[in-house]
2 protein chains.
Amino acid sequence: MNIIVYPTRNYIEERQLKDKVAVVIDVLRATSTIITALYNGCKEVIPADEIEEAVRLAKNYEKNTFILGGERNAEKIEGFHLSNSPCEYSRDQVENKTVLITTTNGTRAIKRAAYAKEVLLASFINITAICDYLEALGQDIAIVCAGTEGRFSADDVLAAGALIYGLHKKNIPIELDDLGLTAKFMYEHSMDDLHGVLSQTTHYSLLKDMGLQRDLDDCLRLDTAPIVPIYSDGIVRAWYNIVDMR
Amino acid sequence: MNIIVYPTRNYIEERQLKDKVAVVIDVLRATSTIITALYNGCKEVIPADEIEEAVRLAKNYEKNTFILGGERNAEKIEGFHLSNSPCEYSRDQVENKTVLITTTNGTRAIKRAAYAKEVLLASFINITAICDYLEALGQDIAIVCAGTEGRFSADDVLAAGALIYGLHKKNIPIELDDLGLTAKFMYEHSMDDLHGVLSQTTHYSLLKDMGLQRDLDDCLRLDTAPIVPIYSDGIVRAWYNIVDMR
């Protein structure tokens, strides 16, 4: 199993991605939030690049059947139902609804990863479910770290390390590029203290300073939402929902 | 002291660099080779992007006053005097000569860093000299990892970590971006076994497979060439030479 890791979505090359399964990671907070929404029973999640696009898409839905969510500058968008905090996407808010979401980094990374033959969404909260799914697939993988404002983000790379570590523990033979080796090394030396290692990083510090400690706690917990979200034709669905629909 | 780290030269943004001191790192092998040549008494080093450019520049020099060096695909260029192995740039080869050098990643990174107000060349072999110089300057820093073929290269990031670790040990207050924090973390957890940590990485493996173990040994030794090379107006000179010239 060959694994390449992109430090941000800007690094993605279409020709490298097209014969691989892409795993998009935006720990703080887009993929953590989307995974939480799906785990709590929302029907589907539609990522939008821009606020206007999300608002326009919402017009296709009956009142009370959809949620508009997302952030700009880590804050809730005016007129939207929810921000980008996983804890807001509780079952009573999202069950059976469509979530339309736009964020600065994560949703754009998901759409950019669409060159791949399959696109999964990962974060610490579903890391083992993703490992199990990838083991069953047995395909080459491209891990797409969303990054923050086009720059390397340590939280995403650490989750990439957790994913690689999980595959390694299954004794799956894997070949890694240098960022993959770095990510695995980082995770192996910090898995017992993720908050400590990330406490000085840019995005973590920003959210902490905004009083969003609960988001940080929720996003750095392992396996609290053990599902496999798949992005296809513009929509993210949980894998078991997709199986039900087939 | 604010420090940003670029994973490859492709990440450089002119506006970010222009008020900073840039430190270019290409451990395997361009900056290691150039530093060695200067340490062994060569007059100056002129980095060229292309083979043709190096050959054309050589026409300005009398026979026996210059060395043409460099690599493509990690091998010596046909008709050139030397390859890109530090050990070839011995005192008897280079003393008082001009070295014209072209490599795949390193020389291009050096030229791209020229947006900065001062450009230094670093590798493990001069890491403490660079730390001392940066301490005396007291300016904001941009560390430019050359990378390999436009991708993240762990050897360069590890040397960036060694540099940051050295500054940290001097109790200089530093602010780091996420890649800087990652680099420091990596180095702190691997400084006693650089070869072990890098043994599976792309560039290290390639050079090892080519039988260039001596290059790997030479490039990963600390402080064997304690000089500060400065790139200015297209030429790299050792700082003490520049001082002599003033």
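## Strand β2 and its neighbours

In chain A of this predicted model, strand β7 (residues 118-122) and β2(A) pair in the parallel sense over five bridges. In this pairing, A:V24 stands opposite A:L121 of β7(A). Strand β8 (residues 141-145) of chain A is likewise joined to β2(A) by five bridges, and these two strands run parallel; here the bridge partner of A:V24 is A:V144 of β8(A).

## Burial of strand β2

Strand β2 (residues 21-25) of chain A has five of its five residues buried, so it is largely enclosed by the rest of the structure. Both faces of β2(A) are covered, with A:V21, A:V23 and A:I25 buried on one side and A:A22 and A:V24 buried on the other.

## Relation between the two chains

A turn of 180°, with a shift of 0.0 Å along the axis, lays chain A on chain B with an RMSD of 0.0 Å. The two copies are therefore related as by a two-fold rotation axis. Among the residues of chain A, A:M186 comes closest to the rotation axis, its C-alpha lying at 3.4 Å.

## The contact between the chains

The contact takes 18 residues from chain A and 18 residues from chain B. On the side of chain A that touches chain B, α7 (154-169) and α8 (178-188) of chain A each supply at least two residues, and α8(A) gives the most, with six residues. By class, this side of chain A has nine nonpolar, six polar and three charged residues.

Of the interface residues of chain A, 100% are also interface residues in chain B, so the copies meet through the same surface.

Key:
Residues numbered from 1 in each chain as written. Chains lettered and ligands numbered in written order. Predicted model: local features only at pLDDT ≥ 70, side-chain atom pairs only at ≥ 80, totals over all residues. Least-squares fit on C-alpha atoms with pLDDT ≥ 70 in both. Contact = placed C-beta atoms within 7 Å. Helix = DSSP H or I, 4+ residues; strand = E, 2+ residues; numbered from the N terminus. Nonpolar A, V, L, I, M, F, W, Y, C, P; charged D, E, K, R; others polar. Buried ≥ 20, exposed ≤ 12 C-beta atoms within 10 Å, placed from the backbone. Pairing = 2+ DSSP bridges.
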